[in-house]
Amino acid sequence: MPLLDRTTSKPEARRSAPEPVLVIAVTGGKGGVGKSTVAVNLATAMSAAGKRVLLLDGDLGLANIDVMLGLSPRHTLAQLIDGTCTLDEIIVDAPQGFQVVPAASGVANMANMTVTQHLNIVQAFSSLSTRLDVLIVDTAAGISHGVLQFSQAAQQVLVVVCDEPASITDAYALIKVLSRNHGVREFQVVANMTRTAGEGAALFKKLERVAARFLDVILNYVGEVPEDPYLKRAIREQRPVTDAYPASPAAMAFKKLAVKADKWPVPTGPRGNLEFFVERLVRRNAVRLEVVQ
C-alpha cells in the first residue's frame, strides 16, 4: 500500500512551506551582566557560520543594539506599535551580515507597554517575509511582563550570569517565575566576564544547587566568556568582538557558544502558548503521512 501525504499532495507544496525558526531569548534577571553583548556576538558568530539571523532588540524603552552596532535606523518598533510601519519595513541590515529589529530608546510609552502590545509584537513575526533560520531576542533586565512574554515565546532561554551575588539571585528569580508561572522548564546558562578559567562552572554550580532544591527545572551550562580588553575595545568601536577581533579570547568563546546554540533543538510542534512563528510549528506538525487504501 502506498504512503501518500494527504495534507500536501504536491511535492512542491511541502518544499515551499517555511521552515521552523530557532528562537533564542537572551536574558539575565539584572542589568549589567552583558546580555546585549552576548546577543550581538551570538548573532554575529551564527551569521558568520552561514545562518540567516535576525536580532530583535527587546529592551523596548532603553534600546541599545543599534548603538552597539553603529546603526542609524529610520524606523523602530515604536512605528510598528502605532501602526505606521510593518515589521519588514523597520528591519535594518547590520554590517556583520545579520538583520536587526531596532527598538526605541527613551520613549516612555515603549517602556510601559501593555501585555497586549507585547503579544502583538510576537504575533507580528508571523507575517514576516524575510527568510531566516534564527531569531535572537535581547530582552530587558528584570522580570517585567515584557521580559517574561518574550522569554516564554522563545524556544530556548539563554540566561547570562556574572560573578556578582545579585546576578545569581536575580537569575534564580527569573527562572523561578518563568518555570512556575509560564511553563518554561529548561534553561541554557552562560557565565560572562569571568576572570579565571573555571569561574563560570563554579557560578553555574551555585545557581544549579539552589534551583535543584526548590524548582523543577533543567539547567544546562553552555560555557563562559572571559573578561577581555579586546571586548571593551570592540564595544568602544561599536563592533562585535567576534567581527573586530576574531582571534581574541572573548570572540573564541562566543564562537563556541554559537556552535552549541546551532545544535539546540527546534520543537516539533507548538507548546500551547503564544510563540514566535508558532504557525510554522503548527504547519510542520500538520504535515503527516497517512495510509491510503
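Visitor: What makes a pair of residues a contact here, and how much of the contact total with a separation of 6 or more comes from residues 24 or more positions apart?
Guide: A contact means heavy atoms within 4.5 Å. Residues 24 or more positions apart supply 77% of the protein's contacts with a separation of 6 or more. This is a predicted model: local features need pLDDT (the predictor's confidence in each residue, from 0 to 100) of at least 70, side-chain atom pairs count only at pLDDT 80 or more, and totals for chains, interfaces and linings use all residues. Residues are numbered from 1 along each chain as its sequence is written, and side-chain values use heavy atoms, leaving out hydrogens and water.

Visitor: How do you know which pLDDT the protein averages?
Guide: The average comes out at 88, and 88% of the residues score at least 70. Over residues 1-15, though, pLDDT stays under 50. Where pLDDT is low, don't read the predicted coordinates in detail.

Visitor: Why is strand 6 called mostly covered?
Guide: A strand is a DSSP run of E, at least two residues, numbered from the N terminus. Buried means under 20% relative accessible area (1.4 Å probe, protein chains only). Six of the six residues in strand 6 (residues 134-139) meet that cut-off, so "mostly covered" fits. Val134, Ile136 and Asp138 are buried on one side, and Leu135, Val137 and Thr139 on the other.

Visitor: What makes strand 3 and strand 6 a pair?
Guide: Pairing takes at least two DSSP bridges between two strands. Strand 3 (residues 53-58) and strand 6 have six, in the parallel sense, so they count as paired. Gly58 stands opposite Thr139 there.

Note on methods: Buried means under 20% relative accessible area, exposed over 50%, partly exposed in between (1.4 Å probe, protein chains only). Helices (H or I, at least four residues) and strands (E, at least two) are DSSP runs, numbered from the N terminus.
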